[in-house]
Amino acid sequence: MTDIQPVFFNPLEEGYAESPWGHFDELRRNEPVHFSLLGQWFLFRYDDVSALLRDPNQSVEDANITHHNEDRLAQFRAGFGEDAEPSTSMLGRDAPDHTRLRRLVSKAFTPAAIAALRPVIEELVDEALNTMDERGTTEIVHDLAFPLPFDVISVMLGMPEADKDQVAAWSSAIVKTLDPIISDEEIFAAAEADEKMSSLLDEVIAWKRANPADDLLTALIQAEEDGDRLSARELRDQVSLLFVAGHETTVNLIGTGIYELLRDPKQAKILRDNPSLDVNAVDELLRFVSPVQFSRRITTSDINVDGYSIDKGSVVLTGLASANRDPAKWGDDAERIDVQRTGTAQHVSFGSGSHYCLGSSLARLEAQVAIGRFLRRFPDAKIVSEAEWNGRINLRGVERLELSVH
Ligand code: HEM
């Protein structure tokens, strides 16, 4: 008799929030294409993940789901209402709508436009570091990892001053819906936060119409006013996506990236001594940390992945984080940071294919400046208490991390 135990993907298991990596390793080895009790398929190997993400025939639109997890569907309907329209953001649209929306927004993300933000980013980072220097301690997520990407996306969009803590609480509730498991309370909190965020953005858009400026929000409003290329609803949903994606992900790269480097003093020293490694090191941290752990596709035909048949209309969560640690791709040291690793930019942290993250250069630049400057300014920085994790399955990261900096 064989003694093979069935493997389950259970992100609610104790210890998962602190370290999902052992779970991924087990699934990669035993059931890399996994139909979960959550009613969704999961892919855990690099080759399968990147092939599905790049497959132009697959969809991201809810309307193509025919194999629903009925419990999850009922939860969402109870929270958001029976007739709630799905978001029209580009992340949930297929071509040709996706192509049109992405083209409009892309104009703000040209290499020149991102490079022009460097002085803004440097100033924000230096201000944060000066405060830490004076105090001698920091809670790095609160002082740097969260406010930096939040302020940068606010500047790009041209948002008026907002109540940062309030908006942070709403977006935190909203991104919970990206997790494969969510409680009823979390659904209701997400729906309430979504409504409040939408009203805030409606007010901001109305204000911006009356006060146009040289910013992304004004450019998108003009695209909407110029004809039918962007409806009012689409305008709000793209702004909402940019605003939330602009900070809820990069916070994890900077906060968790600094945490992981401080736990690996040899790698931190190599990076501290070699600023020319900033670019490669941030990609290695993207690989190692995976600020977004899963991305979703919906099958538009029956497909075969690695010998497993997946029906048309199924939800497939591609395990970006697992793919980023797959030894078949990265070798035996996949579970270690190596800031000099060659080819590390082939990670799938930004997804792949037509939905590849539009903000990738901005996120990289923010992290290069923040992490590089932090390490060099505070060579003696130390972790002084246990990190607290945000408890999210998808946008996983450190939520609180106390450091001494001298
Ligand atoms: C470390 C930071 C970030 C990570 C790890 C990340 C990750 C991702 C991932 C995994 C996707 C989906 C890709 C796919 O399914 O193939 C995505 C899409 C997207 N991201 Fe990011 N992101 C980050 C930062 C940002 C920033 C700073 C912005 C904007 C300011 C942004 C804007 C977007 C947009 C607009 C999309 C949708 C693209 C599309 O559907 O065509 N992201 N991102």
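This is a short dialogue between a student and a tutor about reading a predicted protein model.

Student: Let's start with the overall picture. How many helices and strands does the protein chain have?

Tutor: Keep in mind that we're looking at a predicted model. The protein chain has 18 helices and 11 strands. Its radius of gyration is 21 Å, close to the 22 Å that the globule rule gives for 406 residues, so the chain is as compact as a globular protein of that length. Along the principal axes, the C-alpha atoms fill a box of roughly 60 × 60 × 40 Å.

Student: What percentage of the residues in the protein chain are buried?

Tutor: To judge that, count neighbours: a residue is buried if 20 or more other C-beta atoms lie within 10 Å of its own. Here, buried residues make up 43% of the 406 in the chain. You can also look at contacts between residues at least 6 apart in sequence: 75% of them join residues at least 24 apart.

Student: Now the ligand. Which residues are closest to it?

Tutor: The ligand is surrounded by 27 residues, and the closest are Gly246, Thr249, Gly351, Cys357 and Gly359. Helices H12 (232-248), H13 (250-262) and H18 (360-377) are the elements that give two or more residues to this shell. H12 supplies the largest share, four residues.

Student: What classes of residue make up the shell around the ligand?

Tutor: There are 16 nonpolar, 10 polar and one charged in that shell.

Student: Let's take one helix, H15. How do its length and its expected length compare?

Tutor: H15 covers residues 278-289, which is 12 residues, and it reaches 16 Å from its first C-alpha to its last, close to the 16 Å expected at 1.5 Å a residue. You can try the check again on H18: its 18 residues should span 26 Å, and its end C-alpha atoms are 26 Å apart, which agrees.

Student: Why is H15 described as largely enclosed?

Tutor: Because 11 of its 12 residues are buried, H15 is largely enclosed by the rest of the structure. Among those buried residues are Asp278, Val282, Leu285, Arg287 and Phe288. The cover over the buried residues of H15 includes H13, helix H14 (265-273) and H18. H18 has 13 of its 18 residues buried, so H18 is largely enclosed too.

Student: And strands? How do they pair in a sheet?

Tutor: Strands of a sheet pair through backbone hydrogen bonds, either parallel or antiparallel. In this model, one open sheet has three strands in the order E3-E11-E8, with antiparallel pairing. Strands E3 (137-139) and E8 (382-383) stand at the edges, each with a single partner strand, so one side of each is left without a neighbour in the sheet. E3 pairs with E11 (residues 402-404) over three bridges, and the bridge partner of Glu139 in E11 is Glu402.

Student: Which strands are joined to E7, and in which sense do they run?

Tutor: E2 (residues 41-43) is joined to E7 by three bridges and runs parallel to it. Trp41 stands opposite Val316 in E7. E4 is joined to E7 by five bridges, and these two strands run antiparallel. There, Phe294 stands opposite Gly319 in E7.

Student: Which way do the residues of E7 point?

Tutor: In a regular strand the side chains alternate between the two faces of the sheet. Val315, Leu317 and Gly319 point one way from E7, while Val316 and Thr318 point the other way. Five of the five residues of E7 (residues 315-319) are buried, so the strand is largely enclosed by the rest of the structure.

Student: Where should I look for unusual backbone angles?

Tutor: Most residues other than glycine have a negative phi, and most peptide bonds are trans. Ser290 isn't a glycine, yet it has a positive phi of about 50°. Asp306 isn't a glycine either, and its phi is positive, about 55°. As for peptide bonds, the one from Ala95 to Pro96 is cis, with omega near 5°. Pro96 has its place in the loop between helices H3 (70-80) and H4 (97-106).

Student: Are Ser290 and Asp306 buried or exposed?

Tutor: Ser290 has 28 C-beta neighbours inside 10 Å, so it counts as buried. Ser290 lies in the loop between H15 and strand E4 (294-298). Asp306 is exposed, with 12 other C-beta atoms within 10 Å. You'll find Asp306 in the loop between strands E5 (303-305) and E6 (308-310).

Conventions: Residues numbered from 1 in each chain as written. Predicted model: local features only at pLDDT ≥ 70, side-chain atom pairs only at ≥ 80, totals over all residues. Near = placed C-beta within 6 Å. Nonpolar A, V, L, I, M, F, W, Y, C, P; charged D, E, K, R; others polar. Expected span 1.5 Å × (residues − 1). Contact = placed C-beta atoms within 7 Å. Rg over C-alpha atoms; globule rule 2.2 N^0.38 Å. Pairing = 2+ DSSP bridges.
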